[in-house]
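The following account is written for a reader who meets this structure for the first time. Please keep the sequence and the model in view while reading.

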Amino acid sequence: MKTIFEITPSENDLDISTFKYQVELTKKLDNINSDFNQEIINEIILWKVNRYAKFDEKTINLLNKINRNEENFNQNLTGDILLNLLKQKGVRLAMASTILRFKNPKFYQIIDQRVYRFIYGKELNYSETNLNLQIVIYLDYIEKLKEVCQKYQIKFEEADRILYKMDKEYNKDLKLKGY
């Protein structure tokens, strides 16, 4: 490994324009000329961990078609929203389901490896490139979760949290991939 003291002047002629890390967010953060607030700090943190996802307007408009007080689940709208979410850079099924869950917890819950394992008895496994299969997996998961909630009298809006904690407690000796 070289240190700065071992680099000769010709090696030090680096082109800073080749820095291509979170381009839009880097530009935005570089140009902040206001007091910091929680939103700015969150963006800085997301920039640092390389987890910032910039959504297109179509996806945001679709998300906003979900009404938190809606009484009827719309499977077609959910499929469209999931497809658009999963097409966004940095968004996978767990993140997409988290966004949906906070939009309307009466219909959506977070799909998580622990909860999935706890209700299905096997690990969550899917191809990240097959978006349609991920949508089917999520919609099936929601239906299965409803059955589990009804059977064990768990409030659906709290199911992801309750079952996550239960898996951590009852399956604490079982490793999950990626952990």
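**From the end of a helix to the core**

Helix 6 is followed by Gly121, a residue whose phi is positive, near 75 degrees. The structure discussed here is a predicted model, and helix 6 is a convenient place from which to begin reading it.

At the other end of this helix stands Asp112, which caps the N-terminal end of helix 6. A side-chain oxygen of Asp112 lies 2.7 Å from the backbone nitrogen of Arg114. Asp112 itself is placed in the loop between helix 5 and helix 6. Is Asp112 buried or exposed? Its relative accessible area is 17%, and Asp112 is therefore buried, since the limit for a buried residue is under 20%. The C-alpha atoms of Asp112 and Tyr170 are separated by 16 Å, and these two residues are 58 residues apart along the chain.

Within helix 6, the buried residues are Arg114, Val115, Tyr116, Arg117 and Ile119. Which parts of the structure do the buried residues of helix 6 pack against? They pack against helix 7 and helix 8.

Arg114 deserves a closer look. This residue belongs to helix 6, and it counts as buried because its relative accessibility is 12%. Once its neighbours within four places in sequence are set aside, Arg114 is in contact with Tyr164, Asp167, Lys168 and Leu176. With one of these, Asp167, the side chain of Arg114 makes a polar contact, side chain to side chain, at 3.1 Å. The pair is also a salt bridge, with 3.1 Å from N to O. Asp167 lies in helix 8 and Arg114 in helix 6, so the salt bridge ties together parts that are 53 residues apart in sequence. Asp167 has a relative accessibility of 0% and so counts as buried.

The next subject is the set of salt bridges elsewhere. How many salt bridges does a search of the whole structure find? The search finds eight. Among them is the pair formed by the side chains of Glu43 and Lys28, at 2.9 Å from N to O. Glu43 is located in helix 2 and Lys28 in helix 1, which spans residues 23-30, so this pair ties together parts that are 15 residues apart in sequence. Glu43 has a relative accessible area of 9% and is therefore buried, whereas Lys28, at 41% relative accessibility, counts as partly exposed.

Another salt bridge joins the side chains of Glu143 and Lys146, at 3.2 Å from N to O. Glu143 and Lys146 are three residues apart in helix 7, so about one helical turn separates them. An α-helix has 3.6 residues a turn, so residues three or four places apart point the same way. Glu143 is partly exposed, with a relative accessible area of 41%, and Lys146 is also partly exposed, with 29%. Salt bridges that share partners, in turn, join Arg114, Arg117 and Asp167 into one network.

From charged pairs the account passes to nonpolar residues. The largest nonpolar core has 34 residues. Those with the most contacts inside this core are Ile81, Leu85, Leu100, Ile111, Tyr138, Tyr141 and Leu145. Which helices each supply at least two residues of this core? They are helix 3 (57-63), helix 4 (75-86), helix 5 (93-103), helix 6 (113-120), helix 7 (131-152) and helix 8 (159-170). Helix 7 gives the most to the core, with 10 residues.

Leu100 serves as an example of a residue in this core. Apart from its neighbours within four places in sequence, Leu100 is in contact with Leu63, Ile66, Ile81, Leu82, Leu85, Tyr108 and Tyr138.

Nonpolar side chains also occur on the surface. Phe36, Ile41, Ile45, Leu46 and Val49 form a nonpolar patch there, and together they have about 440 Å² of accessible area. One member of the patch, Ile45, is found in helix 2, which covers residues 38-48. Ile45 counts as partly exposed because its relative accessibility is 47%. Helix 2 thus holds Ile45 and also Glu43, the buried partner of Lys28 described above.

Terms used
Residues numbered from 1 in each chain as written. Predicted model: local features only at pLDDT ≥ 70, side-chain atom pairs only at ≥ 80, totals over all residues. Heavy atoms only, no water. Patch = residues over 30% accessible without salt bridge, like charges linked within 9 Å, V, L, I, M, F, W, Y side chains within 5 Å. Areas by Shrake-Rupley, 256 points an atom, 1.4 Å probe, with all protein chains shown as cover. Salt bridge = Lys/Arg side-chain N within 4 Å of Asp/Glu carboxyl O. Helix = DSSP H or I, 4+ residues; strand = E, 2+ residues; numbered from the N terminus. Buried < 20%, exposed > 50% of the residue type's maximum accessible area, 1.4 Å probe, protein only. Core = buried A, V, L, I, M, F, W, Y, C linked by side-chain atoms within 4.5 Å. Contact = heavy atoms within 4.5 Å. Polar contact = N/O pair within 3.5 Å; in protein donor to acceptor, adjacent residues only side chain to side chain.
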